[in-house]
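Student: I would like to learn how to read a structure feature by feature. Please start with one element and work outward.

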Amino acid sequence: KPGEQKHPKEPSSLQCMHLAVVACGDRLEETLIMLKSAVLFSSRRLCFHIFAEDSLKPEFEKKLKEWPSSYTKKFESNFYPITFSVGNAQEWKKLFKPCAAQRLFLPVILKDVDSLLYVDTDVLFLRPIDDIWHLLREFNSTQLAAMAPEHEIPKIGWYSRFARHPYYGSTGLNSGVMLMNLTRIRSTQFKNSLIPGGLTWEEMLYPLYQKYKNYITWGDQDLLNIIFYFNPECLYVFPCQWNYRPDHCMYGSNCRGAEQDGVSILHGNRGVYHDDKQPTFKALYEVIRDFPFEDNLFQSLYYPLQSKFLDTVHTLCGRIPQVFLKQIEKTMKKVYENRVIVYLGANHRY
């Protein structure tokens, strides 16, 4: 297209998988554990885009530098202040949780990034990011973002029972894990309830917020639901194992994909890593937090996890340990095999 910037294509070995997170308030530790889970299992290079309050940046930099070099060479980190390009910054800042609305502005701020995975701070990767990154290739010509449903069962879903604004599909979307083709988002004219014609992403955000602000409960997630209600062809829906939350097991198991393949991405919303309401979620968080980087994954991560899970079998989520363990076991085997191959290759080079 005329005027479009051409980016030289990186060789695939150097290509970055871009991961964005927004951290404010007391979310430093949680964010670091999320980044740790990303680095532990991924094979391709990662580019972290960390949006944080100024006071948190030095602490982030310090902690990330403490990681062993065998891991720090797998990623680069970029830091950004919290900024909102349209409307009233204070209003955006107070929308739902501190700074969460920042994710709405990623296509505008990260102008040179083609595609991106955004996650909430309370997410843990139980398999390589490479695997969710590959889903970008499954987008059809109109899809520009991917999210999982907020619920599997409409009659107990939040949106289907309480929402006072338009939302996507029969149960709405959860925006805690969001895969985005930013290039497409920037060049699309979105249908909306504001004017008969289309609006760009940036043009639409603030007027849309103004129109619905008295009806939204979950802040920026509600705005994303409204956008994709009017533009359903733009969304790729990925299954619940890519955004597995307490709701998937606390009322009985209702995520079939996780039952078959195991949990791929764990989302500990409702603060469950930090209280005793869902011990299975807390166990995974603590084991990844406490894992010494250079140790054996099976010995120092998988076995402690198994023994912690034995203490949770009396809970609804704890009754299905295989759902939580299947994917992480598979991933660790793969990581271990890769290391053995690399090690053998290095020894047979001469």
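Tutor: Start with strand β4, which is covered on both faces: Ser115, Leu117 and Val119 are buried on one side, and Leu116 and Tyr118 are buried on the other. Bear in mind throughout that this is a predicted model.

Student: How many of the residues of β4 are buried?

Tutor: Buried is a matter of a cut-off, namely a relative accessible area under 20%. In β4 (residues 115-119), five of the five residues are buried, so the strand is largely enclosed by the rest of the structure.

Student: Which strands do bridges join to β4?

Tutor: Take the two neighbours in turn. Strand β1 (residues 17-23) runs parallel to β4 and is joined to it by two bridges. In that pairing, Leu19 stands opposite Leu117. Strand β7 runs antiparallel to β4, with five bridges between them. There, Leu116 of β4 has Met180 as its bridge partner.

Student: In what order do the strands form the sheet?

Tutor: Read the order from one edge to the other: β3-β2-β1-β4-β7-β6-β8. These seven strands make an open sheet, and the pairing is mixed.

Student: Which strands stand at the edges?

Tutor: Those are β3 (75-80) and β8. Each has a single partner strand, so one side of each is left without a neighbour in the sheet. From one strand to the next, the twist averages 25 degrees.

Student: Which helices should I look at against the sheet?

Tutor: Look at two of them. Helix α1 (residues 28-41) lies across β1, β2 (46-52), β3 and β4, and runs at about 165 degrees to β1. Helix α10 packs on the sheet as well, touching β6, β7 and β8, with its direction at about 65 degrees to that of β7.

Student: Is α10 mostly covered or mostly uncovered?

Tutor: Mostly covered: nine of the eleven residues of α10 (residues 220-230) are buried. Do not expect a purely apolar list. The buried residues include Asp220, Gln221, Asp222 and Asn225, alongside Leu223, Leu224, Ile226, Ile227 and Phe228.

Student: What covers the buried residues of α10?

Tutor: The cover includes the strands β6 (145-149), β7 (173-181) and β8 (235-237). It also includes the helices α4 (89-94), α7 (158-162) and α9 (201-212).

Student: Next, aromatic rings. What describes a pair of aromatic rings?

Tutor: Two values do: the distance of the centres and the angle of the planes. A search of the whole structure finds 23 aromatic pairs. One of them is Tyr273 with Tyr285, a stacked pair at 4.6 Å centre to centre with 10 degrees between the planes. Tyr273 lies in the loop between β9 (265-267) and α12 (279-290), and Tyr285 lies in helix α12, twelve residues apart.

Student: Are Tyr273 and Tyr285 buried or exposed?

Tutor: Tyr273 counts as buried because its relative accessibility is 2%. Tyr285 is buried too, with a relative accessible area of 1%. For a contrast in geometry, take Tyr302 and Tyr303: their ring centres are 6.0 Å apart and their planes are at 65 degrees, so the pair is edge-to-face. Within that pair, Tyr302 is buried at 5% relative accessibility, whereas Tyr303 is partly exposed with a relative accessible area of 45%.

Student: Which residues do ring pairs link into a cluster?

Tutor: Phe48, Trp67, Tyr71, Phe75 and Phe293. A charge is found at one of these rings: the charged end of Lys36 sits over the ring of Phe293, 4.9 Å from its centre.

Student: Which side chain is joined to that of Glu286 by a polar contact?

Tutor: That of Lys308, and the contact is 2.8 Å. Glu286 is in helix α12, and at 17% relative accessibility Glu286 counts as buried.

Student: Where is Lys97 found, to end on a loop?

Tutor: Lys97 is in the loop between α4 and α5 (106-109). Lys97 is partly exposed, with a relative accessible area of 36%. Its C-alpha atom is separated by 26 Å from that of Ser193, which is 96 residues away along the chain.

Methods. Residues are numbered from 1 along each chain as its sequence is written. This is a predicted model: local features need pLDDT of at least 70, side-chain atom pairs count only at pLDDT 80 or more; totals for chains, interfaces and linings use all residues. Side-chain values use heavy atoms; hydrogens and water are left out. Buried means under 20% relative accessible area, exposed over 50%, partly exposed in between (1.4 Å probe, protein chains only). Helices (H or I, at least four residues) and strands (E, at least two) are DSSP runs, numbered from the N terminus. Contact means heavy atoms within 4.5 Å. Two strands pair if DSSP finds at least two bridges between them. Rings of Phe, Tyr and Trp (its six-membered ring) pair if their centres lie within 6.5 Å; planes under 30 degrees apart count as stacked, over 60 as edge-to-face and the rest as tilted. A charge sits over a ring if NZ of Lys or CZ of Arg is within 6 Å of the ring centre and within 35 degrees of the ring normal. A polar contact is a pair of N or O atoms within 3.5 Å; within protein, one must be able to donate a hydrogen and the other to accept it, and residues adjacent in sequence count only if both atoms are side-chain atoms. Axes are lines fitted to C-alpha atoms, for helices over the stretch in contact, and angles run from 0 to 180 degrees between N-to-C directions.
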